[in-house]
Amino acid sequence: MPYSDSDEQTGSQASVAGSPTAPAAVKILIAGGFGVGKTTMVGSVSEIPPLHTEEQLTVAGLGVDDLGGIEGKATTTVALDFGRITVSSQLVLYLFGTPGQERFWFMWNDLVHGALGAVVLADTRRLESSFASIDFFESRGVPFVVGVNCFHGLRDRTVEEVRDALDLDPNVPVVMGDLRERGDSRDLLLALVNRLMAGRPPAAIGS
Amino acid sequence: MNHWADVSPDDDDAEESLVRPYTITHGRTASVRDDLTLITVIATVSPAERPGDRGLQPEHRLILRQCRTPVALAEVAAGLNLPVAVTKILVGDLITLDRVTARPPLAVDIGQEPDMTLLQAVKDALLRL
């Protein structure tokens, strides 16, 4: 399937009805603790101002047994901020800022489905707020990178200190940057794509 | 926010709908379609206007207008200022009527071999930013 416009096959892409063929979409998740800069990052690289919507996610049926009190199938509503990057006439990338609250981690199954990978944002003043996201993506075998948001160029921890504090695998890239800067946010996404191109790790559990 | 009495019906700033979301769906709370996702791309089938459109609700018409340029369902929901669940029901109506097409997301499965063509296209797009 062509994803690049360089293939120059415009004529054949008109459908019978005369409307242009719709592009397919892929997504990358932006996760991390509350206030760590998820929406800031989405806004800095998106070609549209960040949009907001609400989605119902399924709570039950997760194969975990620490959801005491929740029986049967239930849904709950989470707020999502998202943006868009057009890759070509045939492919669009969506970036979804996922709920920051730790208690929502079990609903990410729905969000993770079909994602290329994830970016976990961290704040050096409270790294522990990123633990839930990291644990989740590791357990699901979802490739991810860690971005350390350095507002005003403040870099009070080194990459190695962050890696140690978060107990990250050596193959998980850690990137420092100011997420208000498009270039820095882009470099974080590039780190993820490069990791994906280097090969996916085997799923940690059956998926 | 203005008091409701100060907002004229055609005021663009009147974002807060006075209609409850599930009134729009005639009480339906779940889409009959379970294949619609946040990034399913919705496209209006041309011609955009047809006889019989008078039977459509205003929200349906808004979707048809917005999706003349194909966009993901999440964008449709944001544009309507309605929850994704409600938007899925309305989009499902239009699919049933053959007024829009829905393109499912590219299959990306954990543990699968990476699609290098796709990833290279994404990388090139990021480098153009």
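**Exercise 1. The folds of the two chains**

Which pattern does chain A follow when it is read along the sequence? Give the corresponding description for chain B.

*Solution.* The model is a predicted one, with an ipTM of 0.81 and a pTM of 0.82. Begin with the elements of chain A, which has five helices and seven strands; along the sequence these follow the pattern β-α-β-β-β-α-β-α-β-α-β-α. Next, take the long-range contacts: of the contacts in chain A with a separation of 6 or more, 73% are accounted for by residues 24 or more positions apart. Finally, consider burial, where 39% of the 207 residues in chain A are buried.

Chain B can be treated in the same order. Its secondary structure comes to five helices and three strands, and the pattern along the sequence is α-β-α-β-α-α-β-α. Among contacts in chain B between residues at least 6 apart in sequence, 72% join residues at least 24 apart, and buried residues make up 37% of the 129 residues in this chain.

**Exercise 2. A helix in the core of chain A**

Identify the buried residues of α3(A) and state which elements of chain A they pack against.

*Solution.* Helix α3 of chain A spans residues 131–140, and its buried residues are A:A132, A:S133, A:I134, A:F136 and A:F137. Turning to their surroundings, these buried residues pack against the strands β1 (24–32), β5 (115–122) and β6 (144–149), and also against the helices α2 (108–112) and α4 (159–166) of chain A. Just after α3(A) comes A:G141, which takes a positive phi of about 70°.

**Exercise 3. Two helices within chain B**

Determine how α2(B) and α3(B) are oriented to each other, and list the residues that make their contact.

*Solution.* The axes of α2 (residues 58–66) and α3 of chain B come within 10 Å and cross at roughly 130°. Because angles over 145 degrees would be needed for a roughly antiparallel pair, α2(B) and α3(B) are oblique to each other, and their crossing is right-handed. The contact is made by B:E59, B:L62, B:I63 and B:Q66 on the side of α2(B), and by B:V76, B:G79 and B:L80 on the side of α3(B). By class, these residues divide into four nonpolar, two polar and one charged.

**Exercise 4. The contact between the chains**

Describe the side of chain B that touches chain A, and then work out how α5(A) and α5(B) are arranged.

*Solution.* The contact takes 43 residues from chain A and 35 residues from chain B. On chain B, at least two residues each are supplied by β1 (41–44), α3 (73–80), α4 (84–96), β3 (100–103) and α5 (116–128), with α5(B) giving the most, nine residues. The side of chain B that touches chain A has 26 nonpolar, six polar and three charged residues.

For the helix pair, α5 of chain A (residues 182–197) and α5(B) pack at an angle of about 165°, with their axes 10 Å apart; the two helices are therefore roughly antiparallel to each other. Their crossing is left-handed. From α5(A) the contact draws on A:R186, A:L189, A:L190, A:V193, A:L196 and A:M197, and from α5(B) on B:M116, B:L119, B:V122, B:K123 and B:L126. Nine of these residues are nonpolar, none is polar and two are charged.

**Exercise 5. Confidence in chain B**

Over which residues of chain B is the pLDDT below 50?

*Solution.* Chain B averages a pLDDT of 83, and 82% of the residues score at least 70. The pLDDT is below 50 over residues 4–15 of chain B, a stretch that has three contacts in the model beyond near neighbours in sequence.

Note on methods. Residues are numbered from 1 along each chain as its sequence is written. Chains are lettered from A and ligands numbered from 1 in the order in which they are written. This is a predicted model: local features need pLDDT of at least 70, side-chain atom pairs count only at pLDDT 80 or more; totals for chains, interfaces and linings use all residues. Two residues are in contact if their C-beta atoms, placed from the backbone, lie within 7 Å. Helices (H or I, at least four residues) and strands (E, at least two) are DSSP runs, numbered from the N terminus. Ala, Val, Leu, Ile, Met, Phe, Trp, Tyr, Cys and Pro count as nonpolar, Asp, Glu, Lys and Arg as charged, and the others, Gly among them, as polar. A residue is buried if 20 or more other C-beta atoms lie within 10 Å of its own, exposed if 12 or fewer, and partly exposed in between; C-beta atoms are placed from the backbone. Axes are lines fitted to C-alpha atoms, for helices over the stretch in contact, and angles run from 0 to 180 degrees between N-to-C directions. Angles under 35 degrees count as roughly parallel, over 145 as roughly antiparallel, 65 to 115 as roughly perpendicular and the rest as oblique. A crossing is left-handed if the near helix is turned anticlockwise from the far one by less than a right angle, and right-handed if clockwise. pLDDT is the predictor's confidence in each residue, from 0 to 100.
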